[in-house]
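The following note sets out numbered points for a colleague who wishes to examine the fold and the aromatic contacts. Each point may be checked against the coordinates.

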Amino acid sequence: MILLAIETSCDETAAAVVQGGREILSSVVSSQIAIHAAYGGVVPEIASRAHLQSIAPVISQALQDAGIGMEALEGVAVTRGPGLSGALLVGFSAAKAIASARKIPFIGVHHIEGHLFAPFLERPIDFPFLALVVSGGHTHLYHVEGFGIYTTLGRTIDDAAGEAYDKCAKIMGMPYPGGVLIDRMAQSGNPDAIRLPRPLLRDGTLNFSFSGLKTAVLQQTMKNPVTIPSQAADDLCASFQEAVCHVLAAKTEAAIRQTGAVRLVVAGGVACNSGLRLRMASLCKKLGVELSIPHPSLCGDNAAMLAVPGDYYLSHGLVSPLSLDVTATWNMDSIKESMK
Ligand code: KG4
Ligand code: ZN
């Protein structure tokens, strides 16, 4: 099927045209980062308005880049949730309008399902697999048995990994979103310079906690204020990145051992992180596990990733009714039931 995919759950307005749930014919991502940076984070109302302004041009661009018109579309896949309700509504309404006007089916997809299957846009992966999803809103370990069949093995009990990166960057005086900046500075820093906590490392669960780490960084900067750029700032970034990656790798290793997984997917915006990519590569080498981390362009929010589960569901006869609404929260473990 040739699908139009639309993503507007947070601060990227994105549209893509994907064939067969695999071949990206076009992928357009319009970021609102510059608009929100002035406020130090995403402002929901501003996000909705910016999506409204961008959605039509972004969809037109995706069709133009793919070299097709609306009449060539066979279905629409769109993020239904979780995310900011007002932001979700913009993409969801556009998807419904196109589906209704063109008389083609549409399917509302879980945003994290998109992240999970992003590596499939590069090559297919056999089920079952273990997945670590690390983004601005999620830090979850899932056992994935097939499309729609997910079991949460562990999750953050407070901040998500990306949220911790962004908050620590803010504490250090960097602009939003600071994850990528910390990553860059960490590469010139000493990861052993400052001893930061490894939260929940030995609690016997597969859960994560990052808010204490953020507090430790705050206390550290109050004790020893850092200026940017400086070696001290690079050292703090490297020490923070080391603490986050250590915990993510340790819990992922525990999950691999518990489940006997032979395949691991790492996805979401934080999967762009250079330290995490290296750490996961060496972990998988050590354990003999096949690792799939998508290219950084497919780790962050994009629409193409939604077309993978979207194509599967639509080609298996699962279609969302036009009466369906967005949902700000949505549990991955109950997806099969909630889509019926
Ligand atoms: O998946 P994503 O684009 O949006 C959500 O669904 O949340 O993830 C965004 C998050 C942000 O917190 C951003 O700072 C973080 O991913 N991020 C990074 C890097 N690139 C993006 N964090 C650490 N290192 C990076 N290189
Ligand atoms: Zn995301």
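1. Two strands are taken to pair if DSSP finds at least two bridges between them. The model discussed here is a predicted one. On that criterion, an open sheet of five strands is present with the order 8-7-6-9-10, and its pairing is mixed. Strand 8 (149–155) and strand 10 (290–292) are the edge strands, each pairing on one side only. From one strand to the next, the twist averages 25 degrees.

2. Within this sheet, strand 9 (residues 263–267) and strand 10 are joined by three bridges in the parallel sense. The register may be followed at L264, which stands opposite L291 in strand 10.

3. A further open sheet of five strands has the order 3-2-1-4-5, again with mixed pairing. Its edges are formed by strand 3 (23–31) and strand 5 (106–110), each of which pairs on one side only. The twist here averages 20 degrees from one strand to the next.

4. In the sheet with the order 3-2-1-4-5, strand 1 (residues 2–7) pairs with strand 4 (residues 75–81) in the parallel sense, over four bridges. I6 is found opposite V78 in strand 4.

5. Which strands does helix 2 touch? Helix 2 (residues 44–66) packs on the sheet and touches strand 1, strand 2 (12–19) and strand 3. The direction of helix 2 makes about 25 degrees with that of strand 2. Helix 11 (residues 307–315), for its part, lies across strand 1, strand 2, strand 4 and strand 5, and runs at about 130 degrees to strand 5.

6. The domain assignment of the protein gives domain 1 as 2–117 + 299–339 and domain 2 as 126–293. Taken over C-alpha atoms, the centres of domain 1 and domain 2 are separated by 27 Å. To the contact between them, domain 1 contributes 22 residues and domain 2 contributes 24 residues.

7. Aromatic contacts deserve separate comment. The structure holds 15 aromatic pairs. One of them is formed by F117 and F129: the ring centres lie 6.4 Å apart and the planes stand at 85 degrees, so this pair is edge-to-face. The pair links distant parts of the chain, with F117 in helix 4 (residues 111–117) and F129 in strand 6 (residues 129–134), twelve residues apart. Both F117 and F129 are buried.

8. F120 and F127 form a tilted aromatic pair, with 6.0 Å from centre to centre and 35 degrees between the planes. Is F120 buried or exposed? The relative accessibility of F120 is 8%, so this residue counts as buried. F127, in turn, counts as partly exposed because its relative accessibility is 30%.

9. Which residues make up the aromatic cluster that includes F117? One cluster is formed by F117, F120, F127, F129, F147, Y150, Y312 and Y313. The two pairs described above therefore involve members of this one cluster, namely F117 with F129 and F120 with F127.

10. A final point concerns a charge over a ring. R80 lies over the face of W330, at 4.8 Å from the ring centre. The position of R80 falls within strand 4 (residues 75–81), the strand that pairs with strand 1 in the parallel sense.

Key. Residues are numbered from 1 along each chain as its sequence is written. Chains are lettered from A and ligands numbered from 1 in the order in which they are written. This is a predicted model: local features need pLDDT of at least 70, side-chain atom pairs count only at pLDDT 80 or more; totals for chains, interfaces and linings use all residues. Side-chain values use heavy atoms; hydrogens and water are left out. Helices (H or I, at least four residues) and strands (E, at least two) are DSSP runs, numbered from the N terminus. Axes are lines fitted to C-alpha atoms, for helices over the stretch in contact, and angles run from 0 to 180 degrees between N-to-C directions. Contact means heavy atoms within 4.5 Å. Rings of Phe, Tyr and Trp (its six-membered ring) pair if their centres lie within 6.5 Å; planes under 30 degrees apart count as stacked, over 60 as edge-to-face and the rest as tilted. Buried means under 20% relative accessible area, exposed over 50%, partly exposed in between (1.4 Å probe, protein chains only). A charge sits over a ring if NZ of Lys or CZ of Arg is within 6 Å of the ring centre and within 35 degrees of the ring normal. Domain bounds come from an automatic or database domain assignment.
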